[in-house]
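Reader: I would like a close look at a single part of this model, namely its aromatic side chains and the strands that go with them. Please take me through it in one connected account.

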Amino acid sequence: MEDIGYPASNGVSPIAVSEPFRLFSEEAVNIMRAEVLDPVVQEKYSYTSDIAPKQLRGYAPDRHGKFIFEAWKHPETLSIISKIAGVDLVPVMDYEIGHINLSVPGKKKEYDSSVMISEDDEEAIVGWHRDSYPFVCVLMMSDTTSMIGGETALRTGTGEIKKVRGPSKGCAVVLQGRYIDHQALRAFGGQERITMVTSFRPRSPNLRDDTVLTTVRPISNLSDLYGQTIEYQLENAEARIRQMLKNVRDSMKAGSTDVASIKSFLEFEIKTLSHINEEIVDESLVQKGHLAEVCKDAGAKRRKME
């Protein structure tokens, strides 16, 4: 994080973004492509928003992406991603496995790699935003041999824009996207750009969880999103409560109840549960596909820094 102008304590790890690395073989990616390009998936799980023209969500745990689901949950996959991220990670929830951002071939346009990104960002396939979850792993699913562009743009802590080289097919990058403004740039020359994004959170229930649902509520099945969010939050709370109960019983046996520890525990639980309560918004208040405010807020932060 410090390398791009953010304090190391800004996130849950000092790692901001990785270099591209090989995650899956080309054969594995081709199997994944077949699953996501299945007509049923394209029709039933497609979402559109005002920052991204086409996304696929929620298909993997719903029997339409069996290979994808198992690949991301595999212990070796989790070990590789955790090592690169600098913290032990797990998929944030099943619903967020295998999210797809899709840009299909269109009119050829001239590309200038020296041009800095502007606020109107006409060439972004996903506009400026911060992710809802601590980490993401972004897998390239397209042949990048003749691809021009297609990078990820990051806004540094000093307000500058940095383009991160995009991965090749089967390769991925890990990004602490909850804490860094970023956008996915369009590939030029009529080239498709299909990326698969799986979101991650720390495995430990004792690390802070800054999850928000801002960027996912308008493009999700809310029953699945809310249910799985509360499920893992309660599982984490249960683990912390069981550990605290043991600590309290042990301290009582020793005749010295640790009041400071109890207060710290209660304050953490109140803060955590109050935070997630604010993210569970009544469905009638959610505007489907409306994410412009997310980009607007990110743009305002950048202008202020400049």
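Author: Trp72 and Phe200 are both buried in this predicted model. The centres of their rings lie 6.3 Å apart with the planes at 55°, and the pair therefore counts as tilted, since edge-to-face would require an angle over 60 degrees. This contact links distant parts of the chain, with Trp72 in helix α3 and Phe200 in strand β14 (residues 193-202), 128 residues apart.

The count of aromatic pairs comes to 2. In the pair of Phe24 and Trp72, the ring centres are 5.5 Å apart and the planes stand at 85°, so this pair is edge-to-face. Because Phe24 belongs to the loop between β1 (21-22) and α1 (26-36), whereas Trp72 sits in helix α3 (residues 66-73), the pair ties together parts that are 48 residues apart in sequence. Phe24 is buried, as is Trp72, and Phe24, Trp72 and Phe200 make up one aromatic cluster.

From Phe200 the account passes along its strand, for β14 pairs with β5 in the antiparallel sense over 5 bridges, and within this pairing Asn101 has Thr195 of β14 as its bridge partner. Strand β5 also runs antiparallel to strand β3 (residues 55-56), to which 2 bridges join it, and there Gln55 stands opposite Asn101.

Strand β5 (residues 99-103) is itself mostly covered, with 5 of its 5 residues buried. In a regular strand the side chains alternate between the two faces of the sheet. In β5 both faces are covered, with His99, Asn101 and Ser103 buried on one side and Ile100 and Leu102 buried on the other.

Terms used: Residues numbered from 1 in each chain as written. Predicted model: local features only at pLDDT ≥ 70, side-chain atom pairs only at ≥ 80, totals over all residues. Heavy atoms only, no water. Phe/Tyr/Trp six-rings, centres within 6.5 Å; stacked < 30°, edge-to-face > 60°. Helix = DSSP H or I, 4+ residues; strand = E, 2+ residues; numbered from the N terminus. Buried < 20%, exposed > 50% of the residue type's maximum accessible area, 1.4 Å probe, protein only. Pairing = 2+ DSSP bridges.
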